[in-house]
Amino acid sequence: MIKKFFKSRGVRKFLRSKMAIASLGVISVYALVALVVFAGAISLDDVTNRVGVERMPGFLQQPSRELRLQAVDLRLKAMESVARRGADSTPEEQRRMLNELSLFERQVPDEMLFDEYSTLVVSARQAYDNTGDAQLEVEDLADELVAISEELHEMKSEGASAEDISALKDEQKQMQVELASIMPELDSLIDIVEAKMLQIQPIPKGMSGTIYKLRLSLGTDAKGASIAMKGLYSVKIAFQIGLIVSLISVFLGSFLGAAAAFYGGWVDNAVMWLVSTLSSIPYLVLMAVLIVAFRGTIFDDAQKPGLALVPVYTAFCLTFWIGTCRVVRGEVMKIKELEYVQAATSIGFGKSYILIKHIIPNTLHIMFINFSLGFIGAIKSEVILSFLGLGVKGQPSWGIMIAHAKDDVSSFFFWEVLTATLFMFGLVLAFNIVSDALQDAFDPKHV
Amino acid sequence: MTDTKTTTRQEPILKIRNLTTRFRTDRGIVTAIDDVSFDVYPGETLGIVGESGCGKTVTSKSIMRLLPEHITIIDEKSSMEFEGINLATTSNGQMRKVRGNRIAMIFQEPMTSLNPVFTVGWQIDEALKYHTKLSRSQRRERSIEMLRLVEIPNPEQRINEYPHQLSGGMRQRVMIAMALCCEPDVLIADEPTTALDVTIQAQILDLMNGLKEKLDTAIILITHDLGVVAQVCDRVQVMYAGRVIESASVYDLFHTPRHPYTKALLESIPKAAKTRVKSARLPAIEGIVPSLWELPKGCRFQDRCSIATDHCIELEPDLITDENNRSVRCHTPITVNNAPVRENA
Ligand SMILES: Nc1ncnc2c1ncn2[C@@H]1O[C@H](COP(=O)(O)OP(=O)(O)O)[C@@H](O)[C@H]1O
Ligand SMILES: [Mg+2]
């Protein structure tokens with residue numbers, strides 16, 4: 001049957017579509033990521049622990065001077081605290097403290113002695129203090145520039161003489177030049193501090209260095225955790241929800257739909273009653289009800305993120321099977337009148353056997369399409385639910401990322417939203433193309 | 001031809017009496033076939049002919065109980081006796097044992113009568129698995145043997161092919177192989193050749209003729225084509241608007257039709273060119289079959305009958321069987337004045 005499936009006209013037609021093949025490739029990459037995450041390559045610690053200062057921009061954007069200084073200052077304070085507390089401790093204690101300072105792959109080297117470390121911290125602090133004058137000067141100049149431009153504005157609106165205005169403008173220009181000359185100076189001073197920090201906690205060479213750079217590649221979120229890792233980790237959540245929901249709902253939908261169409265009578269009435277009842281409840285409402293229902297049980301515990309997804313699965317499965325059920329029911333209505341079904345009856349097979357062995361295999365293509373559609377639906381709905389705070393708990397997901405980043409966006413920090421959106425966009429687009437191609441290839445109207 | 005057989009005939013294997021099938025529809029209950037009675041004897045071929053819509057398929061599906069259960073009513077007075085059980089009233093479980101094993105059926109549309117997702121071999125094997133206790137390899141052997149019997153070239157290879165890889169004629173052969181693989185006593189063939197082109201049609205009919213002799217299966221051959229009947233049937237019964245209107249041996253029916261409808265039907269088949277003036281048009285039967293919803297009070301053929309009388313409009317004739325074992329449902333049947341001398345077959 002499988003062999004026949006791959007030989008069939010529909011599959012050949014599907015494989016002829018280049019877009020569909022490319023999309024299948026994209027989906028497999030996502031699936032691979034999901035598998036790798038599932039195997040434990042990215043742990044919850046990776047996505048919650050700090051990897052740097054908050055809201056660090058990703059690879060395209062240079063961090064601002066303020067952010068660099070702030071980042072350095074933050075690290076220095078932590079380092080100084082360790083230097084102070086560790087001064088009188090045993091070497092083991094000292095080592096433990098140094099290790100606690102680590103930013104994932106970036107650690108104080110094993111061979112570095114504590115004294116050496118303390119000296120380096122002191123000199124780094126000095127280098128930081130050296131930036132102080134330049135910092136102050138930049139700040140003053142910036143303040144003055146602001147004041148001047150305000151004054152200029154005022155003078156213009158009051159109609160002051162042209163000479164006064166041009167004098168002020170000259171002054172402004174001069175200050176700008178001055179500021180421009182101090183800036184590189186400040187930058188090079190910051191570079192020095194950063195170099196010292198790198199000496200204390202170097203970025204390792206090779207693989208782990210690359211991983212560290214990957215962590216920072218898409219910036220950090222409002223808690224200083226890696227956005228890239230969150231985005232990747234969420235691929236797993238998306239697949240988990242997508243697969244579980246679409247598998248269960250396609251199975252349920254096609255089985256109930258086929259049974260309803262095939263047996264007719266009260267089976268059909270019962271299934272259609274369920275369909276119309278459930279389809280009149282939006283899954284958001286259902287979700288809210290389920291959350292209340294599950295409150296206080298093990299399914300409502302952010303400490304057990306896996307179990308906390310059960311209400312989400314339930315709500316999606318309860319609503320998603322309906323679409324499949326309707327389509328399969330229609331198809332089986334058609335198939336059951338075909339002669340091969342009558343022929344099977346005339347050979348003597350029982351009804352249930354015919355349904356399972358002869359009819360359901362003929363709805364396989366519908367299941368494929370619905371699986372794909374269900375997958376997309378589940379991913380998109382997860383985002384909406386999580387954004388509303390009803391979905392995923394205790395672990396990141398694209399919806400959670402977008403929800404958390406909504407304040408950042410107003411201050412023009414877009415990395416988290418962008419990452420979540422693009423990751424989701426890629427997967428959903430690929431699945432959309434695949435399901436379109438499936439539909440084209442298997443829909444008898446298109447042959 | 002068959003008459004000699006008729007007199008020395010054994011007991012009928014299938015005895016249909018007063019079969020009346022009604023459907024529940026949106027417009028109410030409609031009687032699709034009314035009071036149909038006939039016998040099928042072992043090893044003979046019974047033809048059922050009639051225009052489309054006259055109830056041939058409903059008759060055959062009633063026997064097999066293939067009609068949709070919740071809309072079909074088989075009248076209580078109907079009985080279909082097969083080996084001591086009444087197919088009209090027997091349990092579904094009993095019916096499943098009869099189907100395929102004892103009475104098999106093949107259908108009109110070869111394009112859809114095989115399941116597209118399974119190989120030909122799988123489908124024959126499935127039937128064998130259900131009805132026999134043969135082992136896997138024995139079943140495979142038997143499947144190949146059956147395909148060979150229905151004259152499919154290279155059965156060892158064909159067995160692994162899917163229906164879409166076969167032509168219409170091939171599929172019909174496979175259907176026949178599937179139907180016959182459990183050696184049923186009765187094979188119902190509902191227009192088995194209608195969807196095929198003429199040469200293939202002749203091959204399939206030849207095949208069925210040959211198989212009947214080899215396997216000694218009784219065949220009920222349903223068709224709207226009297227040519228087909230002449231080729232393969234022993235006896236024939238003509239149906240019109242849900243009623244049997246005439247039944248006779250093929251020889252008698254073709255030589256001395258007694259019902260005006262049968263006569264008109266026979267006149268409308270093309271004959272060999274020399275017996276007919278060139279360019280003469282075939283006489284078609286005027287008028288249309290009455291709708292099952294508006295059946296006339298009297299004879300159902302009255303509107304199209306050239307010799308209908310007031311009596312025909314008032315009262316529906318009964319099916320009268322004469323001493324020669326011919327039945328006709330007509331008040332004024334065409335008389336057999338110079339009864340043809342029967343050559344012995
Ligand atoms: N499921 C059904 N519901 C209602 N009427 C039906 C149904 N099946 C067949 N009929 C009616 O029964 C009559 C006989 O049909 P059928 O036996 O299929 O004709 P044919 O002789 O061409 O095989 C037709 O008039 C048809 O309309
Ligand atoms: Mg028919």
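**Ligand 1 and its two chains**

User: How do the residues of the shell around ligand 1 divide into nonpolar, polar and charged?

Analyst: The classes are fixed by residue type. Ala, Val, Leu, Ile, Met, Phe, Trp, Tyr, Cys and Pro count as nonpolar; Asp, Glu, Lys and Arg count as charged; the others, Gly among them, count as polar. The shell divides into six nonpolar, five polar and one charged.

User: What kind of model is this?

Analyst: Residues are numbered from 1 along each chain as its sequence is written, chains are lettered from A and ligands numbered from 1 in the order in which they are written, and side-chain values use heavy atoms, with hydrogens and water left out. Local features need pLDDT of at least 70, side-chain atom pairs count only at pLDDT 80 or more, and totals for chains, interfaces and linings use all residues; the model is predicted.

User: Which element gives the most residues to the shell around ligand 1?

Analyst: A residue is near a molecule if one of its heavy atoms lies within 4 Å of it. The surrounding residues include Phe23(B), Thr25(B), Lys56(B), Thr57(B) and Val58(B). Two elements of chain B, strand S1 (14-25) and helix H2 (56-64), each supply at least two residues; helices (H or I, at least four residues) and strands (E, at least two) are DSSP runs, numbered from the N terminus. The most, three residues, comes from H2(B).

User: How far is an oxygen atom of ligand 1 from an N or O atom in the side chain of Thr57(B)?

Analyst: A polar contact is a pair of N or O atoms within 3.5 Å. Backbone atoms take part too: Cys54(B) at 3.3 Å and Lys56(B) at 2.9 Å. For the side chain of Thr57(B), the distance is 2.5 Å.

User: What share of the area that ligand 1 exposes alone does the protein bury?

Analyst: Accessible areas come from the Shrake-Rupley method with a 1.4 Å probe. Taken alone, ligand 1 exposes 550 Å². The protein buries 66%.

User: What is the radius of gyration of chain B?

Analyst: Chain B has twelve helices and 13 strands. The globule rule is 2.2 Å times the number of residues to the power 0.38, and the radius is taken over C-alpha atoms. For 345 residues the rule gives 20 Å, so chain B is as compact as a globular protein of that length, with a radius of gyration of 21 Å.

User: Why is chain A called more spread out than a compact globule, and what is its radius of gyration?

Analyst: Chain A has 20 helices and zero strands. The globule rule gives 22 Å for 447 residues; chain A is well over that, so it is more spread out, at 31 Å.

User: How far apart are the C-alpha centres of domain 1 and domain 2 of chain A?

Analyst: Domain 1 covers 2-40 + 227-442, and domain 2 covers 65-216. These bounds come from an automatic or database domain assignment. The centres lie apart by 49 Å.

User: Is Val434(A) buried or exposed?

Analyst: Val434(A) is found in helix H20 (residues 415-442) of chain A. Buried means under 20% relative accessible area, exposed over 50%, partly exposed in between (1.4 Å probe, protein chains only). At 6%, Val434(A) is buried.

User: Is Asp216(B) buried or exposed?

Analyst: Asp216(B) is found in the loop between helix H8 (198-215) and strand S9 (218-223) of chain B. Its phi is positive, about 55 degrees, although Asp216(B) is not a glycine. At 51% relative accessibility, Asp216(B) counts as exposed.

Conventions:
Polar contact = N/O pair within 3.5 Å; in protein donor to acceptor, adjacent residues only side chain to side chain.
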